[in-house]
Amino acid sequence: MGGGGSGTIFFEGCNLGCVFCQNFDISRGRGGPEVSAEQLAQLMLVQQRRGCSNVNLVTPTHVAAQILAAIELARSDGLTVPVVYNCGGYESVEMLALLAGYVDIYMPDVKYADPEAARKYSDAADYPQIVRAALGEMHRQVGPLSLDERGLARRGVMVRHLVMPDDLAGSAEVIDMVAKTAPGCGMNVMGQYRPCYRASEFPQLLQRPSGGEVQRLRQYASEKGLCRTG
Ligand code: SF4
């Protein structure tokens, strides 16, 4: 996302339970260092001083209230680079509303169109309806993707979607929903699914989507007016 690199800060834990999680050591992990809102604000400022083009908060949802306090402190201490909220898309509209004005770029996953797949593989049957409402709120706050003169994301929504084997995610339906709910946003249709974590318990998760299928979906997203971001 930037010439100076993205200033990534990972948070341990996750509010979803994806059985194929590629970062399960972090999402299911415990035991990383605890930081206060003041320390987190300082970490954000360190990323800016290192020349990072943004502060990229990964898996922030379950600690959003503490993050909000930290962004407020960091802004008052001189943080000017965009703040990226890099999440799984399973967000409450009420919490997102509190983040308005503090987050510049929302980078949510939109994982599933199908509630049954969401239940089975991420333990969240209401994921499709929750992510639709969240995406609408994100778009209301920051609008379509906008780039600066260097081509770096400055503001807007950038959606990621991981194509699942055997179209378990309902990818075309996901793209339709994104185009309707967040017109003009960035869209990264990702083809790097690989079976991880507990995927071996689900035979249908042991395949990989074909390259041709991923290409077709990228083309479809572009026809729907979504800017390709990956
Ligand atoms: S949302 Fe992402 S980090 Fe969280 S469990 Fe699912 S794949 Fe892992």
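**Exercise 1. The closed cavity**

Find which elements each supply at least two residues of the lining of the largest cavity, then describe that cavity.

*Solution.* Start with the elements: strand S7 (186-190) and helix H8 (211-223) each supply at least two lining residues of the largest cavity. Keep in mind that you are working with a predicted model. Next, list the lining itself: Met-187, Asn-188, Val-189, Arg-218, Ala-221, Ser-222, Leu-226, Arg-228 and Gly-230. Sorted by class, this lining has 4 nonpolar, 3 polar and 2 charged residues. Finally, add the volume, which is about 50 Å³. The structure holds 1 cavity of 30 Å³ or more.

**Exercise 2. The two pockets**

Describe the largest pocket and the second largest pocket by volume, central residues, elements and lining class.

*Solution.* Take the largest pocket to begin with: about 770 Å³ of space lies in it. It is lined by 33 residues, and those closest to its centre are Cys-21, Asn-23, Asp-109, Lys-111 and Arg-160. At least two lining residues each come from strand S1 (6-10), helix H1 (24-27), strand S2 (54-58), strand S3 (83-87) and strand S6 (153-162). The class count for this lining is 15 nonpolar, 13 polar and 5 charged residues.

Now turn to the second largest pocket, with about 530 Å³ of space. Its lining has 18 residues, and Phe-11, Glu-12, Pro-33, Glu-34 and Val-35 lie closest to the centre. Two or more lining residues come from each of S1, helix H2 (37-49) and helix H3 (64-76). H2 gives the most, with 3 residues. By class, you will find 11 nonpolar, 5 polar and 2 charged residues here.

**Exercise 3. The nonpolar cores**

Work out which residues have the most contacts inside the largest nonpolar core, and which helix gives the largest share of this core.

*Solution.* The largest core has 53 residues, and Phe-20, Tyr-121, Val-178 and Leu-205 have the most contacts inside it. Helix H6 (residues 127-142) provides the largest share of this core, 6 residues. Apart from this core lies another, of 15 residues, including Ile-9, Ala-41, Ile-71 and Leu-79. As background, nonpolar side chains in soluble globular proteins tend to be buried together. For a close look at one residue, pick Val-178: leaving aside residues up to four places away in sequence, Val-178 touches Val-110, Leu-135, Val-159, Pro-183, Cys-185, Met-187 and Leu-226.

**Exercise 4. Two residues, case by case**

Decide whether Gln-141 counts as buried or exposed, and do likewise for Tyr-112. Then find the polar partners of each residue's side chain.

*Solution.* Gln-141 sits in helix H6. The cut-off for buried is under 20% relative accessible area. Gln-141 has 12% relative accessibility, so Gln-141 counts as buried. Its side chain reaches the backbone oxygen of Leu-96 at 2.7 Å, and a polar contact of 2.8 Å joins it to the side chain of Glu-137. Beyond four places in sequence, Gln-141 touches Leu-96, Ala-97, Leu-99, Ala-100, Tyr-106 and Arg-155.

Tyr-112 lies in the loop between strand S4 (105-108) and helix H5 (115-122). Tyr-112 is buried because its relative accessible area is 1%. The side chains of Tyr-112 and Ser-122 share a polar contact of 2.7 Å. Contacts of Tyr-112 beyond four places in sequence include Phe-20, Tyr-121, Tyr-127 and Val-174.

Key:
Residues numbered from 1 in each chain as written. Predicted model: local features only at pLDDT ≥ 70, side-chain atom pairs only at ≥ 80, totals over all residues. Heavy atoms only, no water. Core = buried A, V, L, I, M, F, W, Y, C linked by side-chain atoms within 4.5 Å. Buried < 20%, exposed > 50% of the residue type's maximum accessible area, 1.4 Å probe, protein only. Helix = DSSP H or I, 4+ residues; strand = E, 2+ residues; numbered from the N terminus. Contact = heavy atoms within 4.5 Å. Polar contact = N/O pair within 3.5 Å; in protein donor to acceptor, adjacent residues only side chain to side chain. 1 Å grid on protein atoms, 1.4 Å probe; cavity = no way out; pocket = protein on both sides within 12 Å on 5 of 7 lines; lining within 4 Å. Points joined across faces, edges and corners; volume = space filled by probe spheres on them. Nonpolar A, V, L, I, M, F, W, Y, C, P; charged D, E, K, R; others polar.
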